[in-house]
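Please follow the account below with the sequence and the model in view. It proceeds from a single side chain to the sheet and then to the helices.

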Amino acid sequence: MKVLVAPLRACFLILVYVFCAAAQIPSPKDVLGFMPGDDRKLASWAQVVDYFKKLDAASDRIRFEEIGKSTMGAPFVFATISSPENLKNLAKYSEINKKLADPRKLRSRDMQPAPEVSAAAVQRLIKDGKTIVLITFGIHSTEVGSYLSSMLVAHELASSNAPRIKKILDETIILLVPSLRSYIVKVTLKFSTDSIDNSEF
């Protein structure tokens, strides 16, 4: 009986650690004060960006970046989501993907196949690489569910330890863009707020 105590204690401590780690990752409701999808509730673009920044700070599965500004000066952002190990090797997987995406990178200057590149080598690149998935959310002005759902998707990927989520994180690198047109979020939010104030929404 005593032999089983130490392993059971270790398992218990691991479970406590996992649950505590998940609890520290903020949900959209923790940051916004409401759940995306709640009636008459929309998040501003600043709130969306703030949520992803907090998610980035809390989870080792996410890297959040601003890669520029929109035409109206708002941050243009995206999140890279994958397993911690994959994120540590992003440069490697990026290089593999570049070679597979552009056959010219697998050829020598005289356009003959490079000596070191064979069908077997290409298969090795495929095996060593990861599937890269680009998900773009908000585009159209009145389709508010799309940019709001980006936070729900990111939260599940950052916090869940379900086998299917772990499999996704291990096998893919997800590039998640909360909205391609952040100014539309601002315009729609103002319209809906004005309508609610005037009891028309």
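In this predicted model, a polar atom of the Ser 179 side chain lies 3.3 Å from the backbone oxygen of Gly 138. Ser 179 belongs to strand β4, which covers residues 172–179. With a relative accessibility of 2%, Ser 179 counts as buried, because the limit for that class is under 20% relative accessible area. Leaving aside residues up to four places away in sequence, Ser 179 touches Trp 45, Phe 76, Gly 138, Tyr 147 and Val 185. Of these partners, Gly 138 lies in β3 (131–138), Phe 76 in β2 (75–81), Trp 45 in helix α3 (residues 45–58) and Tyr 147 in helix α7.

The strand that carries Ser 179 is part of an open sheet of four strands, arranged in the order β1-β2-β4-β3 with mixed pairing. The edges are occupied by β1 (62–69) and β3 (131–138); each has a single partner strand, so one side of each is left without a neighbour in the sheet. On average, and with direction ignored, neighbouring strands of this sheet are turned by 20° against each other.

How do β3 and β4 run, and how many bridges join them? The two strands are parallel and are joined by seven bridges. Within the sheet, Val 133 stands opposite Ile 174 in β4. Helix α3 packs on the sheet, where it touches β1, β2 and β4, and its direction makes about 140° with that of β1.

At the other edge, the pairing takes the opposite sense: β1 and β2 are antiparallel, again over seven bridges. Lys 69 stands opposite Pro 75 in β2. These two strands form a hairpin with five residues between them, and Gly 73 in the turn has a positive phi of about 85°. Is Gly 73, placed in the loop between β1 and β2, buried, exposed or partly exposed? Its relative accessible area is 44%, so Gly 73 is partly exposed. Although Gly 73 and Tyr 183 are 110 residues apart in sequence, their C-alpha atoms are 9.0 Å apart in space.

The discussion now turns to helix packing. Two packed helices are described by the angle between their axes and the distance between the axes. For α3 (residues 45–58) and α7 (residues 144–159), the axes come within 11 Å and cross at roughly 5°. That angle makes α3 roughly parallel to α7, since angles under 35 degrees are classed in this way. On the α3 side, Val 48, Tyr 51, Phe 52 and Leu 55 take part; they meet Tyr 147, Ser 150, Met 151, Ala 154, His 155 and Ala 158 of α7. The residues of this contact comprise eight nonpolar, two polar and no charged.

A further helix, α2 (residues 28–32), contains Leu 32. At 10% relative accessibility, Leu 32 counts as buried. Its contacts, not counting residues up to four places away in sequence, are Ala 43, Gln 47 and Met 151. Among them, Met 151 is also one of the α7 residues in the contact with α3. Leu 32 and Tyr 51 are 19 residues apart in sequence, and the distance between their C-alpha atoms is 7.7 Å. Tyr 51 is in turn one of the α3 residues that meet α7.

Note on methods. Residues numbered from 1 in each chain as written. Predicted model: local features only at pLDDT ≥ 70, side-chain atom pairs only at ≥ 80, totals over all residues. Heavy atoms only, no water. Axes fitted to C-alpha atoms, helices over the stretch in contact; angles between N-to-C directions. Parallel < 35°, antiparallel > 145°, perpendicular 65-115°, else oblique. Contact = heavy atoms within 4.5 Å. Nonpolar A, V, L, I, M, F, W, Y, C, P; charged D, E, K, R; others polar. Buried < 20%, exposed > 50% of the residue type's maximum accessible area, 1.4 Å probe, protein only. Polar contact = N/O pair within 3.5 Å; in protein donor to acceptor, adjacent residues only side chain to side chain. Pairing = 2+ DSSP bridges.
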